[in-house]
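Here's a quick walk through this fold, from the inside out. Have a look at the model first, then read on.

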Amino acid sequence: MQNSRSSSPRYPWKGGALKEKTKTKKQAVTSTPYDDVYRTMTNDCRPLLIPVINEVFGEDFTGNEQIVFTPNEHFINQQDGIEDERVTDSNFTIIGVKTKSYLMECQSRPDNSMLVRIFEYATQIALDESDTVGDSLKVEIPNCAVLFLRSNRNTPDMMHLEITAPNGTLVIDVPVMKTQNYSLEELFEKNLLFLIPFYIFTYDKHLEEYNADEEKLEALKKEFAFIAKRLDDLVSENKLSYYYRKLIIEMSTKTVENLAAKYDNITEGVKSVMGGRILETEATTIFREGEKKGISQGEEKNYST
């Protein structure tokens, strides 16, 4: 299967007489610190995506499936021959008893252009993975969803892409996940550990108040101490690796530092109940896990020889 970025008979406008007129341009890609956190979590904590997909799409994946990511950089061909680069937040396929592809975007603020971007991403992904069978071009649109870090009463639970063709109309549902709708207890009950780094958004509109009120600040610190404790418990029960625990806490701290950058009491308070716990045992635990893995690999090698 050929990529849509290369010259091929499927895309004759990409070569031949038009080649000299074709210009290529990479659009500058900007991202927020929250995009960086989201992409770090998707890349380094892939198994934690499974419960999110189950929650958003009503799936029943067990967590034993394989997750395969595809390149998140796509080039969209404009009418003037310029190629604009688009970077998706996460584009992956879950392979198990059933195999499905997903595109999930993270959005920190309401944005009317989100559906336009979802359409551009989804159709370009479909085109990149397309195949020609006989005289037909076959494309498959991935399952699409949006994760909103901020939401309000006007934020929909479902968005739609409506495509009208000469022979009918196709409506693609785009479910919306709102992190602010989940309590701390629900995040653990539903195993939505992937969303923990964004939990501070629950207090987005009250940061100044919590920063100035010592009693409320202590309550906030207790919640983040609770997060660290619950993650520790999961590690002890062998339900979460120490590496994932460490990354969740580091990404949570990064989000707090950016969202509450103007509120020193909050940033310092959260780091005091989460950051210190990492430094205390990090080196020893990583060493032991690495040592154990090395011993296991060595035994397998000796057995095979």
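Leaving aside its neighbours within four places in sequence, which residues is Ile266 in contact with? The partners are Leu207, Tyr210, Asn211, Leu217, Leu220, Val256 and Ala260, where contact means heavy atoms within 4.5 Å.

Before going further, a word on the model: it is predicted, so local features need pLDDT of at least 70 and side-chain atom pairs count only at pLDDT 80 or more, while totals for chains, interfaces and linings use all residues. Residues are numbered from 1 along each chain as its sequence is written, and side-chain values use heavy atoms, with hydrogens and water left out.

**Cores and surface**

Back to Ile266: along with Met177, Phe224 and Ile227, it touches the most other members of the largest nonpolar core, which has 59 residues. (A nonpolar core is a set of buried Ala, Val, Leu, Ile, Met, Phe, Trp, Tyr and Cys residues joined through side-chain atoms within 4.5 Å.) There is also a second, separate core of 14 residues, with Tyr121, Ile125, Val146 and Phe148 among them.

Across the protein chain, 43% of the 305 residues count as buried; that means under 20% relative accessible area, with exposed over 50% and partly exposed in between, using a 1.4 Å probe and protein chains only. About 17300 Å² of the chain is exposed, and carbon and sulfur atoms supply 48% of that. Among contacts in the chain with a separation of 6 or more, 62% come from residues 24 or more positions apart.

**Helices**

The chain has eight helices and 10 strands, taken as DSSP runs (helices H or I, at least four residues; strands E, at least two) and numbered from the N terminus. Helix H1 (residues 33-44) packs against helix H7 (residues 242-259) at an angle of about 175°, with the axes 10 Å apart. H1 and H7 are therefore roughly antiparallel, a label for angles over 145 degrees. On the H1 side the contact includes Tyr34, Val37 and Met41, and on the H7 side Leu247, Ile248 and Met251.

**Two loop asparagines**

Most residues other than glycine have a negative phi. Asn191 has a positive one, and so does Asn238.

| Residue | Phi | Loop | Relative accessible area |
|---|---|---|---|
| Asn191 | near 60° | between H4 (184-189) and H5 (207-212) | 36%, partly exposed |
| Asn238 | near 60° | between H6 (214-236) and H7 | 72%, exposed |

How values were computed:
Axes are lines fitted to C-alpha atoms, for helices over the stretch in contact, and angles run from 0 to 180 degrees between N-to-C directions. Angles under 35 degrees count as roughly parallel, over 145 as roughly antiparallel, 65 to 115 as roughly perpendicular and the rest as oblique. Accessible areas come from the Shrake-Rupley method with a 1.4 Å probe; for residues, only the protein chains shown count as cover.
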